[in-house]
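Visitor: Could you take me through one part of this model up close? I'd like a single strand and its neighbours, with a quick look at the surface afterwards.

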Amino acid sequence: MRAPKQKNGTLMRKNLRLGLATATAAALTGGLLGLSTGTATAAAPAKPAQTKPAKPAKYTDDFNGDGYRDYATTEDDDTVRVTYGAKSGIGTRTKTFHQNSPGIPGTRDGEEDMFGEAMATADFNGDGYADLAVSDPTETVASRGLAGLVTIVWGSKSGLGSKATALPLAKPYHDQWFGSHLAAGDFNGDGKPDLAVADSTSVHIYRGGFSSKNGGTGKVTHHKPKGHVVNEPTALIAGKVTKDKATDLYVLGAGEPSRDRSTSGSWFLRGGSTIKAGKPTTYNSREANFAASGVVADFDKDGYGDLAVGDVPYKAGAGSVIVTRGTANGPGSSYRLTQDTPGIATKMSKRDLFGISLSAGDTNRDGYPDLAVGTLENIGSTEWAGGVHILRGGKKGLTGTGSQWITRDTKGIPGKPFEVEMFASDVRLRDDDRDGDADLFVSTDYHAKKSLLLKAGPAGITTGSPRGLRIRTDFPQ
């Protein structure tokens, strides 16, 4: 993650991964920088294991076709680590690769390299093995600095390896930041996965099918919002919002209506044979939100996907979650959740960054998706220790009723809160053991790239026997 930087009156993304560490110091001294924790989509339901790969792959992240979901995370600033799933859940077999690895396009460029900044998974070529789209938005292309590069690393029986293909980019330009955000989905509803790619001002949608043999793709369309609500995309959130067969896409973005004012907004692109663009809408009229974490899930089970977005600049960085209800035509009415919402365990205060990370999944087997909400709030007198709230879905959508609050101080969680640990700076809900409920992956020490896996049950997330993991909790969902 790298922090935004003003350049010629336009919000430009610089040093994206370093933004969280930089913002830590700024927030603790009273400032609040923009952050970006990546994109998220609703966790897929659990399915039985299979012994042979199907066509296409049943799981969008089963890279070796063994029937178990795998985990692609960022290891360092320019390295991707894949941890393969096993019968019992996340396994111990791993593989790492970067742009100096055999068969991986691009140039590894030291501290400035951002290979792995954004990732998305799908069986792009329909061979029964899931593939990984991974970006380096700082890549120099055709002598254009910071043009950006997106590569599809192809899955196989042995998993992800050295076979990869760079996406074609017709007219790269300097400071394009192509690949700053990615999202996969069947955006035209033809049964083949497509790939949405954001650059510094617009979105490119590459249609399937993709070819690992000749690098070919289907039609590519380009989408750029009008006005000043989404001048710069800050996240791509894919999901089923309407009831048709196509995947829809929300583009979250930062706006700059004037030189001394910034805003946060969203832009809906309805999937179909022709992508239909809605009108961008503002959800924070005073500050740009570069901590654009979001997810689409049907929290009230009315058949339409709802968008949850973390609005971390809200109320001097206290943070909030904005939920936009889905309808037959796309976005509907919205409501806001904060730490002052009845039932939520903690109270709203400045610099908590409630909503810095979000993930959706059914944690208690009631059939409604729940929402994990990361916050970097103080625990007692320990600054930015962090924690995670689990908000329950229901007939009325998300509420604070019955919510859970988990920190280092929670019974069963090892260790004690420490300053700037940023516990829950990343969260993921995923049915790791395929028992029908979504387990919680929560980052512990951001700088040490560690996390905990907390199992779920009929009563929700349990904290009695967490499993420590040596991976970041930033894998695509």
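Guide: Here's a walk around strand β16, followed by a stop at a charged patch. Keep in mind that this is a predicted model. Strand β16 covers residues 261-270, and it's mostly tucked away, with 8 of its 10 residues buried.

Let's start with β15, residues 248-258. The two strands run antiparallel, joined by 8 bridges. If you want a pair to click on, try V251, which sits opposite W267 of β16. Getting from β15 to β16 takes a hairpin with 2 residues between the strands.

Now for the other partners of β16. Strand β17 is residues 276-277, and its antiparallel pairing with β16 rests on 2 bridges. There you'll find L269 facing A277 of β17. This connection is a hairpin too, with 5 residues between the strands, and G272 in that hairpin has a positive phi near 160°. Then there's β18, residues 281-284, which pairs with β16 through 3 bridges, again antiparallel. Here G265 has T282 of β18 as its bridge partner.

As background for reading side chains along any of this, in a regular strand they alternate between the two faces of the sheet.

Last stop, the surface. D77, D109, E111 and E112 make up a negative patch. One of them, E111, lies in the loop that links β5 (89-97) with β6 (119-122). Why call E111 exposed? Because its relative accessibility is 74%, and the cut-off for exposed is over 50%.

Note on methods. Residues numbered from 1 in each chain as written. Predicted model: local features only at pLDDT ≥ 70, side-chain atom pairs only at ≥ 80, totals over all residues. Heavy atoms only, no water. Patch = residues over 30% accessible without salt bridge, like charges linked within 9 Å, V, L, I, M, F, W, Y side chains within 5 Å. Areas by Shrake-Rupley, 256 points an atom, 1.4 Å probe, with all protein chains shown as cover. Salt bridge = Lys/Arg side-chain N within 4 Å of Asp/Glu carboxyl O. Lys, Arg positive; Asp, Glu negative; His and termini not counted. Charge placed at Lys NZ, Arg CZ, Asp CG, Glu CD. Helix = DSSP H or I, 4+ residues; strand = E, 2+ residues; numbered from the N terminus. Buried < 20%, exposed > 50% of the residue type's maximum accessible area, 1.4 Å probe, protein only. Pairing = 2+ DSSP bridges.
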